[in-house]
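This report describes a single predicted model. It covers helix packing, strand pairing, one residue's surroundings and the spaces enclosed.

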Amino acid sequence: MLQDGRVAAVVGDVMGKGVKAAAGMGRIRNAMRALALTNPPPAAVLTGLDRVFEATEEEEQVTTLAYMVVEPVTGEGTLALAGHPPPVLVSPQGTAILSDGEPGTPLGWPTSRRQFRFVVPPGHTAVLYSDGLVENRKRGLDAGLAELCSVVTEAPPEVVSSPHMLLDFLVDRMLSGYEQDDDVTALAIHVPPATKSD
């Protein structure tokens, strides 16, 4: 939660496993929190993270992330990607729309960071996830993104209306039949439907 009442959400992914990768993610997470609380626009946070990354991480370390800031009542928000898969927006009717924002480059790669408008209308849910959800040795990224959208349309109404159930459904369906060799992280940002005032 930011000081102005908006909500910041982030999902990141560090290449590699073990203590080294975990330590790198810890440093990035701490820097991310500090930057988000002092200057929350996504492009500014990613620019700050690029500077932190260059100063603290090794050149061969690849880290991607998706970072968004959302107003919790209206769902108005902004999003920036650092080489990360796009969020999927799930409507109350169970349709899926992938964000078409510029994917950008992983952290630490020289680039001009951009942010773009990303709205989670009331009643909708945005899902941020790591590439392990959609990509593996047998399924490329493009095929995985298409499958993710297809899986969303198969979700029953009671699943679509519950962020927790939706995440469980997506992870179960997307990993079914595949040998999993990458970590999977998924985060749902749900904006409740507008209520009629008396």
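## Helices on the sheet

Helix H2 lies across strands E2 and E3, and its direction runs at about 30° to that of E3. The sheet beneath is open and has 4 strands, in the order E1-E2-E3-E6, with antiparallel pairing. Its edge strands are E1 and E6 (116-117), each of which pairs on one side only. Helix H1 also packs on this sheet, where H1 touches E1 and E2, and the direction of H1 makes about 160° with that of E1.

Within the sheet, E2 and E3 (residues 77-82) are joined in the antiparallel sense over 6 bridges. One position in this pairing is Val 70, which stands opposite Gly 77 in E3.

## Helix H1

Helix H1 covers residues 18-38, 21 residues in total. At 1.5 Å a residue the expected span is 30 Å, and the C-alpha atoms at its ends are 31 Å apart, so the two values agree.

Which residues of H1 are buried? They are Ala 21, Gly 24, Gly 26, Ile 28, Ala 31, Met 32, Leu 35 and Ala 36. The cover over the buried residues of H1 includes strand E1 (7-14), helix H2 (42-56) and strand E2 (63-70). An α-helix has 3.6 residues a turn, so residues three or four places apart point the same way. Among the buried residues of H1 are Ile 28, Ala 31, Met 32 and Leu 35.

## Strand E7 and its partners

Strand E7 spans residues 125-129, and 5 of its 5 residues are buried, so E7 is largely enclosed by the rest of the structure. In a regular strand the side chains alternate between the two faces of the sheet. In E7, Thr 125, Val 127 and Tyr 129 point one way, while Ala 126 and Leu 128 point the other way; all are buried.

E7 pairs with strand E4 (residues 88-90) in the antiparallel sense over 3 bridges. Val 88 has Val 127 of E7 as its bridge partner. Strand E8 (residues 186-190) runs antiparallel to E7 and is joined to E7 by 5 bridges. Here the bridge partner of Tyr 129 is Ala 186 in E8.

## The surroundings of Ala 9

Ala 9 is found in strand E1. Is this residue buried or exposed? The relative accessible area of Ala 9 is 8%; buried means under 20%, so Ala 9 counts as buried.

Leaving aside neighbours within four places in sequence, Ala 9 is in contact with Ala 66, Tyr 67, Met 68, Leu 128, Leu 187 and Ile 189. The C-alpha atoms of Ala 9 and Val 69 are separated by 6.4 Å, although these residues are 60 residues apart along the chain.

## Pocket and cavity

The largest pocket holds about 470 Å³ of space. Its lining has 24 residues, and those nearest its centre are Asp 13, Val 14, Met 15, Asp 131 and Asp 182. E1 and H1 are the elements that give two or more residues to this lining. H1 provides the largest share, 4 residues.

How many cavities of 30 Å³ or more does a search of the whole structure find? The search finds 1 cavity of that size. The largest cavity contains about 60 Å³ of space. Its lining consists of Leu 81, Glu 102, Gly 104, Thr 111, Ser 112, Arg 113 and Arg 114.

Technical notes: Residues numbered from 1 in each chain as written. Predicted model: local features only at pLDDT ≥ 70, side-chain atom pairs only at ≥ 80, totals over all residues. Heavy atoms only, no water. Expected span 1.5 Å × (residues − 1). Buried < 20%, exposed > 50% of the residue type's maximum accessible area, 1.4 Å probe, protein only. Contact = heavy atoms within 4.5 Å. Pairing = 2+ DSSP bridges. Axes fitted to C-alpha atoms, helices over the stretch in contact; angles between N-to-C directions. 1 Å grid on protein atoms, 1.4 Å probe; cavity = no way out; pocket = protein on both sides within 12 Å on 5 of 7 lines; lining within 4 Å. Points joined across faces, edges and corners; volume = space filled by probe spheres on them.
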